[in-house]
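Work through the exercises below with the sequence and the 3D structure at hand. Each task is followed by a solution in steps.

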Amino acid sequence: MSSSVAWLMLVIAGALDVGWAISMKYAEGYTRAGWSIASLVLLAAFVFLLGRALKVLEVGVAYSVWTGIGAAGTFLLGVVLFGETLSAMKLVGIVLVLMGITALKLA
C-alpha cells in the first residue's frame with residue numbers, strides 16, 4: 001500500500017470516528033437499537049481502516065492525526081447538531097489541533 005492510500009484511509013478513519021461519536025450520542029446510552037447498531041458498525045470500520053493505515057504510517061503520527069480529526073470533527077458537529085457552546089477559546093483550541101494535524105502530515 002502506498003503512503004497516499006494509507007493517509008486517505010487514516011482521514012476516512014478519522015471521519016468515521018466522528019460519525020461513531022455522534023451516533024453514540026443519538027444512541028442515548030445504547031437504548032436506541034438503530035443508532036446503537038450504527039455506532040458499532042462505525043466503530044468496526046474506523047478500527048479496521050486505522051489498522052490498515054498503521055501498516056505504512058508511523059503509529060505516533062497516525063494515532064495523533066486520527067484523534068485530532070475525531071476531536072475537531074466531533075466538536076464542530078456537537079456545536080451544529082446539539083447546540084453545544086462555541087467560544088473564542090474553544091475555536092482557538094480546535095484551530096491549534098488542526099494546525100497540529102497539518103504539521104504532522106508535513107513532517
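**Exercise 1. Locate Glu-28 and Tyr-30 and describe their backbone and exposure.**

Step 1. Glu-28 lies in the loop between H1 and H2, and Tyr-30 has its place in the loop between H1 and H2 as well. Helices (H or I, at least four residues) and strands (E, at least two) are DSSP runs, numbered from the N terminus. The model is predicted: local features need pLDDT of at least 70, side-chain atom pairs count only at pLDDT 80 or more, and totals for chains, interfaces and linings use all residues. Residues are numbered from 1 along each chain as its sequence is written, and side-chain values use heavy atoms, with hydrogens and water left out.

Step 2. Glu-28 is not a glycine, yet has a positive phi of about 50 degrees. Tyr-30, also not a glycine, has a positive phi of about 60 degrees.

Step 3. Glu-28 counts as partly exposed because its relative accessibility is 48%. Tyr-30 is partly exposed, with a relative accessible area of 40%. Buried means under 20% relative accessible area, exposed over 50%, and partly exposed in between (1.4 Å probe, protein chains only).

**Exercise 2. Find the salt bridge of the structure.**

Step 1. The structure holds one salt bridge, a term for a side-chain nitrogen of Lys or Arg within 4 Å of a carboxyl oxygen of Asp or Glu.

Step 2. The partners are Glu-28 and Arg-32, with the closest N and O atoms 3.7 Å apart.

Step 3. Arg-32 has a relative accessible area of 35%, so this residue is partly exposed.

**Exercise 3. Is Ser-23 buried or exposed, and which residues is Ser-23 in contact with?**

Step 1. Ser-23 belongs to helix H1, residues 3-27. Its relative accessibility is 1%, so Ser-23 counts as buried.

Step 2. Leaving aside neighbours within four places in sequence, Ser-23 is in contact with Trp-35, Ala-38, Ser-39 and Leu-42. Contact means heavy atoms within 4.5 Å.

Step 3. Take Ser-39 next, whose place is in helix H2. Ser-39 is buried because its relative accessible area is 0%. Not counting residues up to four places away in sequence, Ser-39 touches Trp-20, Ser-23, Met-24 and Tyr-30.

**Exercise 4. Which residues have the most contacts inside the largest nonpolar core?**

Step 1. A nonpolar core is a set of buried Ala, Val, Leu, Ile, Met, Phe, Trp, Tyr and Cys residues joined through side-chain atoms within 4.5 Å.

Step 2. The largest such core has 16 residues, and Trp-7, Leu-10, Ala-13, Leu-57, Val-65 and Trp-66 have the most contacts inside it. At least two residues of this core come from each of H1, helix H2 (33-53) and helix H3 (59-82).

Step 3. For Ala-13, setting aside neighbours within four places in sequence, the contacts are Phe-46, Leu-49, Leu-50 and Trp-66.

Step 4. Compare Val-5, which also lies in helix H1. Val-5 is partly exposed, at a relative accessible area of 41%. From Val-5 to Val-56 there are 51 residues in sequence and 9.3 Å in space, C-alpha to C-alpha.

**Exercise 5. Which residues form the nonpolar surface patch?**

Step 1. Patches are made of residues with over 30% relative accessible area and no salt bridge; like charges are joined within 9 Å, nonpolar side chains (Val, Leu, Ile, Met, Phe, Trp, Tyr) within 5 Å.

Step 2. The patch consists of Leu-86, Met-89, Leu-91, Val-92, Val-95, Leu-96 and Met-99, together about 690 Å² of accessible area. Accessible areas come from the Shrake-Rupley method with a 1.4 Å probe; for residues, only the protein chains shown count as cover.

Step 3. Leu-91, one of the patch residues, is found in helix H4, residues 88-106. Leu-91 counts as partly exposed because its relative accessibility is 42%.

**Exercise 6. Set the UniProt annotation beside the helices of the chain.**

Step 1. The chain has four helices and zero strands.

Step 2. The unreviewed UniProt entry places "transmembrane region" at residues 37-54, 61-82 and 88-106. UniProt positions are given in the numbering used here, feature names are shortened, and annotations may be inferred rather than shown by experiment.

Step 3. Residues 37-54 are 94% helix and 0% strand, with end C-alpha atoms 26 Å apart. Residues 61-82 are 100% helix and 0% strand, with end C-alpha atoms 30 Å apart.
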